[in-house]
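Work through these exercises with the model open beside you. Try each task before you read its solution.

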Amino acid sequence: MTDEVVIGPLDLAARVDDALRVQALAFGLSDDEIAVRRQIVLRHLTHPGARALGATTRDGRLVGFVYGMPNDRAHWWSTVVEPYLRGWDLDGWLDDSFVITELHVRPGYQNRGLGRALITTVTDAAAEPRSILSAIDTESPARALYRSLGYTDLARNVLFPSAPKPYAVMGAPLPLRRPGG
Ligand SMILES: CC(C)(COP(=O)(O)OP(=O)(O)OC[C@H]1O[C@@H](n2cnc3c(N)ncnc32)[C@H](O)[C@@H]1OP(=O)(O)O)[C@@H](O)C(=O)NCCC(=O)NCCS
């Protein structure tokens, strides 16, 4: 079925509502959270080097997306994780690093390689030698996927203001590891 879905550049500003629908189904977002995320995504897209890819069916439905950008220590996400990394002398990961900000695949299209293809393709085009991200600190499909791509835990139990669950911060050298490679 993967052949019915194409991975390619995504005009995320134009498709932000479609993307947030995917995220709401995959990750669980309330209507209020969607409204907040909408503003955040549109602001992120103004950052230099922000790039998005979509997984789209032949009839144009968005069923997955990824976006990220070169990390900037002044960005909110980076300021939150920095003290956790600095505690272990790992904050060098915040420099020359491509941040994966969101990765979501719509249920029904999961577990057929789309998430792996999205994150691998977006990071393959990064000029940075490494990638970082945060994921809810639990054994989830996302954490298993990230580990299989070479991401390791840089910090755990990271608390973002207003997020109810703790996160893990993970980092990987680029290019990401290939299956069997
Ligand atoms: C995380 C997510 C994007 C992965 O997308 P996906 O298209 O299902 O992933 P893939 O099919 O490319 O799977 C790749 C790897 O993920 C892991 N994985 C996927 N589904 C899994 C599951 N149900 N249980 C355990 N591991 C799983 C495996 O390591 C798999 O590798 P394998 O196929 O070689 O075994 C998707 O599960 C999702 O949208 N989850 C909800 C939202 C979310 O958590 N996003 C990440 C926020 S940090």
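**Exercise 1. In what pattern do helices and strands follow each other along the protein chain?**

Solution. This is a predicted model. Step 1: read along the sequence and write one letter per element. The result is β-α-α-β-β-α-β-α-β-α-β-β. Step 2: check the tally. The protein chain has five helices and seven strands.

**Exercise 2. Why does the radius of gyration of the protein chain agree with a compact globule?**

Solution. Step 1: take the length, 181 residues. Step 2: find the expected value. For a compact globule of that length the radius of gyration would be near 16 Å. Step 3: set this beside the value for the protein chain, which is 15 Å, so the two agree. Step 4: add the dimensions. The C-alpha trace spans about 50 × 40 × 30 Å along its principal axes.

**Exercise 3. What percentage of the residues is buried, and what percentage of the contacts joins residues at least 24 apart?**

Solution. Step 1: look at burial. Of the 181 residues, 36% are buried. Step 2: look at contacts. Take those between residues at least 6 apart in sequence; 69% of them join residues at least 24 apart.

**Exercise 4. Which strands pair with β4, and in which sense, parallel or antiparallel?**

Solution. Step 1: locate strand β4 at residues 97-105. Eight of its nine residues are buried, which leaves β4 mostly covered. Step 2: take strand β3, residues 62-70. β3 and β4 run antiparallel and are joined by seven bridges. For one pair, find Y67, which stands opposite E102 in β4. Step 3: take strand β5, residues 130-136. β4 and β5 run parallel, with four bridges between them. Here F98 has S131 of β5 as its bridge partner. Step 4: add helix α4, residues 114-124. Together β4, α4 and β5 form a β-α-β unit, and the unit is right-handed.

**Exercise 5. Follow the pairing from β5 to β7, then to β6.**

Solution. Step 1: β5 and β7 are antiparallel and share seven bridges. One point to check is A135, whose bridge partner in β7 is A168. Step 2: inspect β7 itself, residues 167-173. This strand is mostly covered, with six of its seven residues buried. Step 3: move to strand β6, residues 152-158. Four bridges join β6 to β7, again in the antiparallel sense. A155 stands opposite V169 in β7.

**Exercise 6. How many residues surround the ligand, and which element gives the most to the shell?**

Solution. Step 1: count the shell. It holds 20 residues. The closest are Q110, G115, R116, P141 and L145. Step 2: sort by element. α1 (16-27), β4, α4 and α5 (141-148) each supply at least two residues. α5 gives the most, with five residues. Step 3: sort by class. The shell around the ligand has eleven nonpolar residues, seven polar ones and two charged ones.

**Exercise 7. Is D59 buried or exposed?**

Solution. Step 1: find D59 in the loop between β2 (51-57) and β3. Step 2: count its C-beta neighbours inside 10 Å. There are 6. Step 3: apply the cut-off. A residue with 12 or fewer is exposed, so D59, with 6, counts as exposed. Step 4: try a distance. D59 and L12 lie 47 residues apart in sequence. In space they are 18 Å apart, C-alpha to C-alpha.

How values were computed: Residues are numbered from 1 along each chain as its sequence is written. This is a predicted model: local features need pLDDT of at least 70, side-chain atom pairs count only at pLDDT 80 or more; totals for chains, interfaces and linings use all residues. The radius of gyration is taken over C-alpha atoms; the globule rule is 2.2 Å times the number of residues to the power 0.38. A residue is buried if 20 or more other C-beta atoms lie within 10 Å of its own, exposed if 12 or fewer, and partly exposed in between; C-beta atoms are placed from the backbone. Two residues are in contact if their C-beta atoms, placed from the backbone, lie within 7 Å. Two strands pair if DSSP finds at least two bridges between them. A crossover is right-handed if, with the strands pointing away from the viewer, the path from the first strand over the helix to the second runs clockwise. A residue is near a molecule or strand if its C-beta atom, placed from the backbone, lies within 6 Å of it. Ala, Val, Leu, Ile, Met, Phe, Trp, Tyr, Cys and Pro count as nonpolar, Asp, Glu, Lys and Arg as charged, and the others, Gly among them, as polar.
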